[in-house]
Amino acid sequence: MRPMQSLEAELWALHDGLQLALDRKITQIYVEMDALAAVQLIMGVDQPRHFLSNIVHDWRFLMRKLGVEKIDHIYREGNKCADALANMAYNPILDFRILDIAPTCINSQLRDDTYGVSYPKLLYVS
């Protein structure tokens, strides 16, 4: 079995999230991702020979079903909540979980997001 690449992991995470939204009848979804390659692959022209074309096809099907017209690229600094939750996912003790309420560890990020606090993207120039 080959190891999963980061682009493939991003697409599967998004697929699972949209499938969960569909199962829970959640609509009016706005999608932002920090994986620019995933956004370009999903929003781009069909590439039937791409090794991820099946999941991209499924994703587009879920997009139509949920009424999602597009996804936007956002820098990781632009969504501290998602970044904190993604970091929680690396905990080997935790299994797959569906959260009905936000964990307390992201309360400050949720508050900042509510108030529109922005964070600069740091660029390193050599």
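A nonpolar core here is a set of buried Ala, Val, Leu, Ile, Met, Phe, Trp, Tyr and Cys residues joined through side-chain atoms within 4.5 Å. I kept that in mind while going through this predicted model.

**Entry 1: the core**

I looked up the largest nonpolar core and found 21 residues in it. Those with the most contacts inside the core are Leu 11, Leu 14, Val 31, Met 33, Ile 42, Trp 59 and Ile 71. I then asked which elements give two or more residues to this core. They are H1, strand E1 (31-33), H2 and H3. H3 supplies the largest share, six residues.

**Entry 2: the chain as a whole**

I counted five helices and two strands in the chain. Read from the N terminus, the order is α-β-α-α-β-α-α. The chain has 126 residues, and 25% of them count as buried. I also checked contacts with a sequence separation of 6 or more. Of these, 68% join residues 24 or more positions apart.

**Entry 3: Trp 59**

Next I picked Trp 59, one of the core residues with the most contacts. What does Trp 59 touch, not counting residues up to four places away in sequence? I listed Leu 11, Leu 14, His 15, Leu 18, Val 31, Ile 42 and Ile 71. Trp 59 also takes part in the contact of H3 with H2, and in that of H3 with H1.

**Entry 4: H1 against H3**

I turned to the helix pairs. H1 spans residues 6-23, and H3 spans residues 53-66. They pack at an angle of about 30°, with axes 10 Å apart. Angles under 35 degrees count as roughly parallel, so H1 is roughly parallel to H3. Their crossing is left-handed. From H1 I noted Leu 11, Trp 12, Leu 14, His 15, Leu 18, Gln 19, Ala 21 and Leu 22. They meet Ile 55, Val 56, Asp 58, Trp 59, Leu 62, Lys 65 and Leu 66 of H3. By class, this contact has eleven nonpolar, two polar and two charged residues.

**Entry 5: Leu 22**

I followed Leu 22 of helix H1 on its own. Is Leu 22 buried or partly exposed? Its relative accessibility is 23%. Buried would need under 20%, so Leu 22 counts as partly exposed. Leaving out residues up to four places away in sequence, I found Leu 22 touching Leu 62, Lys 65 and Leu 66. Leu 22 and Leu 66 lie 44 residues apart in sequence, yet their C-alpha atoms are 6.7 Å apart.

**Entry 6: H1 against H2**

H1 and H2 pack at about 65°, and their axes are 9 Å apart. I noted a right-handed crossing for this pair. On the H1 side are Leu 7, Glu 10, Leu 11 and Leu 14. On the H2 side are Ala 37, Ala 38, Leu 41 and Ile 42. I sorted the residues of this contact into seven nonpolar, no polar and one charged.

Leu 7 sits in helix H1. Outside a window of four places in sequence, Leu 7 touches Ala 37, Ala 38, Leu 41 and Leu 52. Leu 7 and Ala 37 are 30 residues apart along the chain, with 7.1 Å between their C-alpha atoms.

**Entry 7: H2 against H3**

How do helix H2 (residues 36-43) and helix H3 pack? I read an angle of about 75° and axes 10 Å apart. The range for roughly perpendicular is 65 to 115 degrees, and H2 and H3 are therefore roughly perpendicular to each other. H2 brings Leu 41, Ile 42 and Met 43 to the contact. H3 brings Val 56, Trp 59, Arg 60 and Met 63. The classes come out as six nonpolar, no polar and one charged.

**Entry 8: the loop between H1 and E1**

Last, I checked backbone angles. Most residues other than glycine have a negative phi. Lys 25 has a positive phi near 60° and is not a glycine. It lies in the loop between H1 and E1. Gln 28 is in the loop between H1 and E1 as well. Its phi is positive too, about 55°.

Are Lys 25 and Gln 28 buried or exposed? Exposed means over 50% relative accessible area. Lys 25 has 72%, so it is exposed. Gln 28 has 79%, so it is exposed.

Terms used
Residues numbered from 1 in each chain as written. Predicted model: local features only at pLDDT ≥ 70, side-chain atom pairs only at ≥ 80, totals over all residues. Heavy atoms only, no water. Helix = DSSP H or I, 4+ residues; strand = E, 2+ residues; numbered from the N terminus. Buried < 20%, exposed > 50% of the residue type's maximum accessible area, 1.4 Å probe, protein only. Contact = heavy atoms within 4.5 Å. Axes fitted to C-alpha atoms, helices over the stretch in contact; angles between N-to-C directions. Parallel < 35°, antiparallel > 145°, perpendicular 65-115°, else oblique. Nonpolar A, V, L, I, M, F, W, Y, C, P; charged D, E, K, R; others polar. Left-handed = near helix turned anticlockwise from the far one by under 90°.
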